[in-house]
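Take the sequence and the model together. Keep both in view while reading on.

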Amino acid sequence: MQLLVSVRDAVEAGAALVGGADIIDAKEPARGSLGPVGADVFRSIAARVPDSVPLSAALGDFTARDDARAAVAGAGVPARRAPVYLKLGFAGERSKGKVSLLLSAAQGGRAMVSGAPFLVPVAYADHESAGAPEPEEVLRSAIETGVGALLVDTWTKDGRRLLDHIPYARVAALSEAARGAGLVFALAGSLDASAIERVAGLADVIGVRGAACRGGRGGIVDPARVRELRARLEDCQPAR
């Protein structure tokens with residue numbers, strides 16, 4: 001399992017790296033679940049993260065194909081040895097089948113970018129609050145369009161955790177279906193150490209923000225907290 005830590009600037013990226021994060025994710029928490037950072041900030045984060053460390057970026061939520069295509073094409077993805085992941089959500093889009101069209105458009109934007117970033121559709125556990133498709137619909141679209149990954153997260157950031165919005169059994173079923181189809185399966189959503197222990201076996205990637213910060217989601221990434229989470233994940237790894 002890999003630990004993804006969301007950071008809002010290059011300073012936080014450095015702190016996450018010191019703590020042992022496997023993936024650095026650029027995100028502005030003040031802008032919501034998938035709030036993108038500015039272009040200059042993303043460039044500074046990318047410059048701080050070694051070429052060998054995977055980089056991720058939140059692009060926002062989309063209901064229009066042209067917007068999804070333009071966001072991916074204009075993401076400013078640098079050429080890197082390690083993978084780059086671009087996360088897209090679908091809050092406000094309730095139409096069944098539309099996610100596949102949005103992802104196909106995003107794939108068109110990806111073709112215009114050097115470095116071939118991976119697209120990561122985001123399914124919201126609290127999809128009703130987000131006005132978004134059910135996670136199973138997002139999974140179906142991810143498989144259909146061949147993007148290779150799925151993240152299940154929470155849209156509402158009010159302190160409630162992932163499993164407060166979706167039953168464990170449903171997450172387990174999503175994990176089994178996604179991994180069975182060859183997708184990388186990631187989980188996030190106000191996951192603290194105890195929540196990570198419950199879901200760690202279901203995911204390839206665990207994403208955190210608040211648990212890695214002093215002062216919660218809006219605070220500052222703390223290397224010691226990241227180190228504790230990294231150790232907790234190691235404890236959850238199956239014995240070999």
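The paragraphs below go from strands to helices, then to cores and single residues.

This is a predicted model. Begin with strand 6, residues 149-153. All 5 of its 5 residues are buried, so the strand is largely enclosed by the rest of the structure. The cover is on both faces. A149, L151 and D153 point to one side, and L150 and V152 to the other.

What flanks this strand? Strand 5, residues 118-124, pairs with strand 6 in the parallel sense over 3 bridges. Strand 7, residues 184-187, also runs parallel to strand 6, and 4 bridges join the two. L151 ties the picture together. V122 stands opposite L151 on the strand 5 side. On the strand 7 side, A186 stands opposite L151.

A149 also belongs to strand 6. Its relative accessible area is 8%, under the 20% limit, so A149 counts as buried. Which residues does A149 touch, beyond its neighbours within four places in sequence? They are L119, V120, P121, A142, L183 and V184. V208 is another matter: it lies 59 residues from A149 along the chain, and the two C-alpha atoms are separated by 17 Å.

Now turn to the helices. Helix 6 spans residues 135-145. Its buried residues are P135, E137, V138, L139, S141, A142 and T145. The list includes A142, which is in contact with A149. The cover over the buried residues of helix 6 includes helix 4, strand 5, helix 5 (127-130), strand 6 and helix 8 (168-180). Just after helix 6 comes G146, with a positive phi of about 70°.

Helix 4 covers residues 98-110. Does its length fit, and how far apart are its end C-alpha atoms? Its 13 residues should span 18 Å at 1.5 Å a residue, and the end C-alpha atoms are 18 Å apart, which agrees. V99, S100, L102, L103, A105, A106 and G109 are the buried residues of helix 4. A general rule helps in reading such a list. An α-helix has 3.6 residues a turn, so residues three or four places apart point the same way. What covers the buried residues of helix 4 includes helix 3 (65-73), strand 4 (84-89), strand 5 and helix 6.

Next come the nonpolar cores. In soluble globular proteins, nonpolar side chains tend to be buried together. The largest nonpolar core here has 64 residues. Which of them touch the most other members? They are V5, I24, L86, L88, V152, L187 and I206. Helix 4 gives the largest share of this core, 4 residues. A second, separate core has 15 residues, including L34, A91, L151 and A186. L151 and A186 are the pair that stand opposite each other across strands 6 and 7.

Look closer at two members of the largest core. L86 is found in strand 4. Its relative accessibility is 0%, so L86 counts as buried. Not counting residues up to four places away in sequence, L86 touches A57, L59, V72, A75, V77, P117, F118, L119 and V120. Of these, P117 is 31 residues from L86 along the chain, yet their C-alpha atoms are separated by 6.8 Å.

I24 is the second. I24 stands opposite L55 in strand 3. Strand 2, residues 23-26, and strand 3 run parallel and are joined by 3 bridges. Strand 3, residues 55-61, is mostly covered, with 6 of its 7 residues buried. Apart from neighbours within four places in sequence, the contacts of I24 are V5, V7, A13, A16, L17, I45, V49, V53, P54, L55 and S56. V5 appears in that list, and V5 is also among the core members that touch the most others.

Finally, go to D222. Where does D222 sit? Its place is in the loop between strand 10 (220-221) and helix 10 (223-236). Is D222 buried or exposed? At 13% relative accessibility, D222 counts as buried. The side chain of D222 reaches the backbone nitrogen of A224 at 3.0 Å. Beyond its neighbours within four places in sequence, D222 is in contact with A212, C213 and R214.

C213 brings up the cysteines. C213 is buried, with a relative accessible area of 1%. C236 counts as partly exposed, at 23% relative accessibility. How many disulfides does the structure hold? The number is 0.

Terms used. Residues are numbered from 1 along each chain as its sequence is written. This is a predicted model: local features need pLDDT of at least 70, side-chain atom pairs count only at pLDDT 80 or more; totals for chains, interfaces and linings use all residues. Side-chain values use heavy atoms; hydrogens and water are left out. Buried means under 20% relative accessible area, exposed over 50%, partly exposed in between (1.4 Å probe, protein chains only). Two strands pair if DSSP finds at least two bridges between them. A polar contact is a pair of N or O atoms within 3.5 Å; within protein, one must be able to donate a hydrogen and the other to accept it, and residues adjacent in sequence count only if both atoms are side-chain atoms. Contact means heavy atoms within 4.5 Å. A nonpolar core is a set of buried Ala, Val, Leu, Ile, Met, Phe, Trp, Tyr and Cys residues joined through side-chain atoms within 4.5 Å. A disulfide is a pair of cysteine sulfur atoms within 2.5 Å. The expected span of a helix is 1.5 Å times one less than its number of residues.
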